[in-house]
Amino acid sequence: MALLSPCYWPEVRRGGERFVRELADGLIGAGVAPTLITSHPGRPSRRVEDGLRVLRLPRPPEGPLLRRGCERYLTHVPLSEIALRVGHFGLAHATYPADALAAARWRAATGRPALLTYLGIPDAVGLDARRGHRRLMEQAVARLDRVVALSVHAARAFADELGYAAPVIAPGIDTDAFSPGGERAAHPVILCAADAREPRKHVPLLVAALERVRGELPDAELWLSAPRSLPVTPGVRWLNLDDRGVLAAALRRAWLAALPSESEAFGLVLAEALACGTPVVGYADAAIPEIIDSPTVGRLFDTLTPGALAEALLAGLELSGRPETAGACRRRALELSSARMTAAYLELYRELGLEL
């Protein structure tokens, strides 16, 4: 089978690349040998990277299309379609709408099954954010065998905007790499691995809330993901949280992980924190309440204000001190494991006719 992702650099912890790697590792462990078809601005290459066969194709420049507000990675579609046709694959699994176009054309030509996992929320804002995106998604739901949503919230958006009943398979987390261990920091630590440069993540709001938290807990710290993009603030540290090992170690030491983000299709870092036995705080929006589904594992806040967030953070820090909290967090994370995700996709592949 073929996995398709237009951009893949496994050393970078971007959500889409982590999804591809976790799924690929699960499939390899189950005895399936996927080939990842991706692209880059360079010469073609074939190599095996940590057990995964990776075919990198040249991607022609896309600057003119991007300047017109078009969908990203469209220039990588023609060569990906050719690679599918000559590769003798039994199934094509796309992870980006541009890849879905290549997979749909391949499906029409070969009659073999193809699907897309949509890594966002197909609401009106998302579908109309880029020129041609809505049209791509309309074609995907019409021409592919399945289009998978990451959460119940995303599936509702599929139904509302595209009239499509999307199956839901939540992303998986590596519960071996993210696991409890070691000692918590000696003082209260709140960790947020979101990109501080992304407005919808609301990291400046978290910094503002920290000031109120430190009014009650003067030694509290906030650990954020480098590179530093905000003014120097007392109690704030910047770490290379794009490195998975650093992130896992930091989550084990943190008392609490926070994600004050809106429009999240899932919220991977919250699940990774739970796997480390660390409670979480999130904004009660989109799919985040699906992860923080019980007060035993975290707190939600429903207003994007420093006061509301600070109140939730203080409650979360108090929760972290309870002896039963780490176990409850770990149990919730095991429900979101990579093994569970892999099993769900293998069942879907069989349903579509792939012989495993």
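**A friendly note on this predicted model**

1. Let's begin with a cysteine. C70 has a relative accessibility of 12%, so C70 counts as buried. Please keep in mind as you read that this is a predicted model.

2. How many disulfides does the structure hold? The number is 0. C276 shows you one case in detail: the closest cysteine sulfur to its own belongs to C329, and at 10 Å that is too far for a bond. The cut-off here is a pair of cysteine sulfur atoms within 2.5 Å. C276 is also buried, with a relative accessible area of 2%.

3. Now move to T278, which you will find in the loop between α10 (268-275) and β12 (280-283). Is T278 buried or exposed? Its relative accessibility is 0%, so T278 counts as buried. The side chain of T278 makes a polar contact of 2.7 Å with the side chain of R184. Leaving aside residues up to four places away in sequence, T278 touches R184, L251, A254, W255, L256, A257, A273 and C329. You have met C329 already, as the residue holding the cysteine sulfur closest to that of C276.

4. Next, have a look at the salt bridges. A search of the whole structure finds 20 of them. One is formed by the side chains of R130 and E71, at 3.3 Å from N to O. This pair links distant parts of the chain, 59 residues apart: R130 sits in the loop between α5 (124-127) and α6 (133-143), and E71 in the loop between α2 (63-67) and α3 (77-86). The two partners fall into separate burial classes: R130 is partly exposed at 29% relative accessibility, while E71 is buried, with a relative accessible area of 1%.

5. A second salt bridge joins E161 and R134, whose closest N and O atoms are 3.2 Å apart. E161 belongs to helix α7 (residues 152-162) and R134 to helix α6, so this pair ties together parts that are 27 residues apart in sequence. What about their accessibility? E161 counts as partly exposed at 32%, and R134 counts as partly exposed at 22%.

6. For a third example, find R332 and D293, a salt bridge with its closest N and O atoms 3.2 Å apart. Here again distant parts of the chain are linked, 39 residues apart: R332 is in helix α13 (residues 325-334), and D293 is in the loop between α11 (288-291) and β13 (298-301). R332 is buried, with a relative accessible area of 11%, whereas D293 is partly exposed at 46% relative accessibility. Elsewhere, salt bridges can share partners, and in this way R18, E22, D174 and R244 are joined into one network.

7. K201 is worth a stop too. Where is K201 placed? Look in the loop between β8 (189-192) and α8 (203-216). With 14% relative accessibility, K201 counts as buried, because the cut-off for that class is under 20%. The side chains of K201 and E264 are joined by a polar contact of 2.5 Å. E264 also appears among the residues that K201 touches, together with A194, D195, P260 and S261, when residues up to four places away in sequence are not counted.

8. A140 lets you compare sequence with space. This residue is placed in helix α6, the helix that also holds R134. A140 counts as buried, because its relative accessibility is 2%. Which residues does A140 touch, not counting those up to four places away in sequence? They are A100, L116 and V147. As for D99, A140 and D99 are 41 residues apart in sequence, and their C-alpha atoms are 9.8 Å apart in space.

9. Finally, turn to the surface. L79, I82 and V86 make a nonpolar surface patch of about 260 Å². V86 is found in helix α3. Is V86 buried or exposed? V86 counts as exposed, because its relative accessibility is 56%. Try setting V86 beside T278 in the viewer: V86 is exposed at 56%, and T278 is buried at 0%.

Definitions and conventions. Residues numbered from 1 in each chain as written. Predicted model: local features only at pLDDT ≥ 70, side-chain atom pairs only at ≥ 80, totals over all residues. Heavy atoms only, no water. Helix = DSSP H or I, 4+ residues; strand = E, 2+ residues; numbered from the N terminus. Buried < 20%, exposed > 50% of the residue type's maximum accessible area, 1.4 Å probe, protein only. Polar contact = N/O pair within 3.5 Å; in protein donor to acceptor, adjacent residues only side chain to side chain. Contact = heavy atoms within 4.5 Å. Salt bridge = Lys/Arg side-chain N within 4 Å of Asp/Glu carboxyl O. Patch = residues over 30% accessible without salt bridge, like charges linked within 9 Å, V, L, I, M, F, W, Y side chains within 5 Å. Areas by Shrake-Rupley, 256 points an atom, 1.4 Å probe, with all protein chains shown as cover.
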